[in-house]
Amino acid sequence: MLRGECPITIPERADQRFAFCSSLAHHLWKGPENRQQQRLDQFFKISSQLTSDFATLALLDAMAADSSRERDQKTSTLFCHPAFEAWSQKHGQVFSQHMVEVA
């Protein structure tokens, strides 16, 4: 799905959606560097079809990293993507609530 080679299919069961989001975030950063933009485009296209709780989970998983430098780089890449504004309009309230709870 991140390569855009098959239709977006969101699992119905919550446990499968949880695994799906984790896998989506993991594979976002894998693969050839010259295809990263395509994976990012697809990530936002896929997450636009998720409910806000799962879209937030996918984004938070995609931001996760072992070092603060890597986390900042991933976060910047995601937040600067042209599709992030639309993502934020759709899912931003749940994302913001989560960030307040973490802080």
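Begin by selecting Lys74, which is buried, with a relative accessible area of 13%, a value that falls in this class because buried means under 20%. Keep in mind throughout the tour that the model on your screen is a predicted one. Lys74 lies in helix 4, and if you set aside its neighbours within four places in sequence, you will find Lys74 in contact with Trp29, Ala62, Met63, Ala64 and Ala65.

**Helix 3 and helix 4**

Next, select residues 52-63, which form helix 3, together with residues 68-79, which form helix 4, and look at how the two axes come within 8 Å and cross at roughly 135 degrees. Helix 3 and helix 4 are therefore described as oblique to each other. To show the contact itself, display Leu59, Ala62 and Met63 on helix 3, and then Arg71, Lys74, Thr75, Leu78 and Phe79 on helix 4. If you colour this contact by residue class, you should see five nonpolar residues, one polar residue and two charged residues.

**The largest pocket**

Now turn to the largest pocket, whose volume is about 260 Å³. Of the 13 residues that line this pocket, select Met1, Leu2, Arg3, His27 and Arg39, which are the closest to its centre. Which helices each supply at least two residues of the lining? They are helix 1, at 14-28, and helix 2, at 36-47, and the largest share, four residues, comes from helix 1. Coloured by class, the lining of the largest pocket shows five nonpolar, four polar and four charged residues.

**Arg35**

From the pocket, move to Arg35, which you will find in the loop between helix 1 and helix 2. Is Arg35 buried or partly exposed? Its relative accessible area is 36%, so Arg35 is partly exposed. Add Leu2 to the selection and draw a distance between the two C-alpha atoms: Arg35 and Leu2 are 33 residues apart along the chain, and the separation of these atoms is 9.9 Å.

**Ser96**

For the last stop, select Ser96, which lies in helix 5, the helix made of residues 84-102. Ser96 has a relative accessibility of 40% and therefore counts as partly exposed. Finally, select Thr56 as well, and draw the line from C-alpha to C-alpha: Ser96 and Thr56 are 40 residues apart in sequence, while in space the distance between them is 9.3 Å.

Technical notes: Residues are numbered from 1 along each chain as its sequence is written. This is a predicted model: local features need pLDDT of at least 70, side-chain atom pairs count only at pLDDT 80 or more; totals for chains, interfaces and linings use all residues. Side-chain values use heavy atoms; hydrogens and water are left out. Axes are lines fitted to C-alpha atoms, for helices over the stretch in contact, and angles run from 0 to 180 degrees between N-to-C directions. Angles under 35 degrees count as roughly parallel, over 145 as roughly antiparallel, 65 to 115 as roughly perpendicular and the rest as oblique. Contact means heavy atoms within 4.5 Å. Ala, Val, Leu, Ile, Met, Phe, Trp, Tyr, Cys and Pro count as nonpolar, Asp, Glu, Lys and Arg as charged, and the others, Gly among them, as polar. On a 1 Å grid over the protein atoms alone, a cavity is a set of points where a 1.4 Å probe fits but cannot get out, and a pocket is an open set with protein on both sides within 12 Å along at least five of seven lines; lining residues have an atom within 4 Å of a point. Grid points are joined across faces, edges and corners, and a volume is the space filled by probe spheres set on the points. Buried means under 20% relative accessible area, exposed over 50%, partly exposed in between (1.4 Å probe, protein chains only).
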